[in-house]
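Here is a short briefing to read alongside the model. Have the viewer open and follow along topic by topic.

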Amino acid sequence: MNSKKNFIAFFSGLLFATGLGISGMTQPQKVIAFLDLVGTWDPSLMFVMGGALMVHFISYRIIKKWRRPIVEESWHIPTTTKITKPLIFGSLLFGIGWGLSGFCPGPAIVSLGTGSLKAIIMVCAINLGIGLGTMGENNG
Amino acid sequence: MSFVFGLISGGAVLSWFHPEIFTNTTEFSYLKLSIAGFLVGYGTVIAKGCTSGHGVCGLSRLSKRSLVAVLIFMSTGMLTASLIHFWGVKF
């Protein structure tokens, strides 16, 4: 069961990496060109999120009707609905970092596979942020 | 962990066949990348989600929290990238 779970997770990673790569998310200058409204705006990445949303909007509704997931006992779906200060503050910081670098976590990790030093530094810094954030949450 | 391994392997295989999809023409300093990375990582944990988590998964579940998160990080992302271009800041 565990190897099946790992295989599915690995395959999902491969598939997600391919999607991010083909769609241009692994080219920071393209992400910046989408976020940068000064000069020539490149709106193409909007269709990446739009496309992903359409697929997940439909597949989520179909899969939710299954009795249980394929490799888990039960579903793990967020239940919080409150708009909290950390949600706002965290999103704010995330946006600044994304706008500075053109990298968000998924594409940064995928780019690690190329051995690029920029990606390595980015992912190390992301992990540092995750570590400190998790520590802060556990103490607070 | 297998998922992350899949992501990295995917990147490696893709870059073997199509190195051009990993073109990175940005000339950001390692300092800038470190600051940006830290903000991205810290922000993701605090807000409990990123472009994939809130943007794709959350929005398609019609989560109000995710809508708020996406609106905020899209705005601050656009504001940051635009201001940096506008002011001509390079670091």
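Leu62(B) is exposed, with a relative accessible area of 62%, and its place is in the loop between α3 and α4 (64-87) of chain B. Although Leu62(B) is not a glycine, its phi is positive, at about 60°. Please keep in mind that this is a predicted model. The points below start with backbone angles and move on to the chain A fold, a covered helix, the interface and the salt bridges.

**Positive phi in chain B**

- Most residues other than glycine have a negative phi.
- Lys48(B) is another non-glycine residue with a positive phi, here about 55°.
- You will find Lys48(B) in the loop between α2 and α3 (51-60) of chain B.
- Lys48(B) counts as exposed because its relative accessible area is 54%, and the cut-off for exposed is over 50%.

**Chain A as a whole**

- Chain A has 6 helices and 0 strands, so its pattern along the sequence reads α-α-α-α-α-α.
- Along the principal axes, the C-alpha atoms of chain A fill a box of roughly 50 × 40 × 30 Å.
- Chain A has 140 residues, and 34% of them count as buried.
- Take the contacts in chain A between residues at least 6 apart in sequence: 41% of these join residues at least 24 apart.
- The area that chain A exposes is about 7900 Å², with 71% of it supplied by carbon and sulfur atoms.
- Chain A carries 11 positive and 5 negative charges, and the mean positions of the two sets are 9 Å apart.

**Helix α5 of chain A**

- How many residues of helix α5 (residues 105-112) of chain A are buried? The count is 7 of its 8 residues, which leaves this helix mostly covered.
- The buried residues of α5(A) are Pro105(A), Gly106(A), Pro107(A), Ala108(A), Ile109(A), Val110(A) and Ser111(A).
- Both chains help to cover them: from chain A the cover includes α1 (2-23), α4 (85-101) and α6 (117-139), and from chain B it includes α1 (2-17) and α2 (30-47).

**Where chains A and B meet**

- The size of an interface is often given as the accessible area lost when the parts come together.
- For chain A and chain B, the buried area is about 6400 Å², 76% of it on carbon and sulfur atoms.
- Phe94(A), Leu100(A) and Lys118(A) supply 11% of the area that chain A buries against chain B, more than any other three residues.
- In terms of contacts, 75 residues of chain A meet 67 residues of chain B.
- Gln27(A) lies in the loop between α1 and α2 (28-35) of chain A. Leaving aside residues up to four places away in sequence, Gln27(A) touches Glu20(B), Ile21(B) and Thr23(B).
- Is Gln27(A) buried or exposed? Gln27(A) is buried, because its relative accessible area is 16% and buried means under 20%.
- The count of salt bridges between the two chains is 1. Lys48(B), met above for its positive phi, forms a salt bridge with Glu137(A), and their closest N and O atoms are 3.1 Å apart.

**Salt bridges within chain A**

- Over all chains, the structure holds 4 salt bridges.
- Lys5(A) and Glu72(A) form one of them, with the closest N and O atoms 2.7 Å apart. Lys5(A) lies in helix α1 of chain A and Glu72(A) in the loop between α3 (45-63) and α4, so the pair ties together parts that are 67 residues apart in sequence.
- Both partners count as partly exposed: Lys5(A) at 33% relative accessibility and Glu72(A) at 23%.
- Lys30(A) and Asp42(A) also meet through their side chains in a salt bridge, at 3.3 Å from N to O. This pair links distant parts of the chain, 12 residues apart, with Lys30(A) in helix α2 and Asp42(A) in the loop between α2 and α3 of chain A.
- Lys30(A) is partly exposed, with a relative accessible area of 25%.
- The side chains of Arg68(A) and Glu73(A) meet in a salt bridge too, at 3.8 Å from N to O. Here Arg68(A) is partly exposed, with a relative accessible area of 34%, whereas Glu73(A) is exposed, with 65%.

How values were computed. Residues numbered from 1 in each chain as written. Chains lettered and ligands numbered in written order. Predicted model: local features only at pLDDT ≥ 70, side-chain atom pairs only at ≥ 80, totals over all residues. Heavy atoms only, no water. Buried < 20%, exposed > 50% of the residue type's maximum accessible area, 1.4 Å probe, protein only. Helix = DSSP H or I, 4+ residues; strand = E, 2+ residues; numbered from the N terminus. Contact = heavy atoms within 4.5 Å. Areas by Shrake-Rupley, 256 points an atom, 1.4 Å probe, with all protein chains shown as cover. Lys, Arg positive; Asp, Glu negative; His and termini not counted. Charge placed at Lys NZ, Arg CZ, Asp CG, Glu CD. Buried area = accessible area lost by both parts, 1.4 Å probe.
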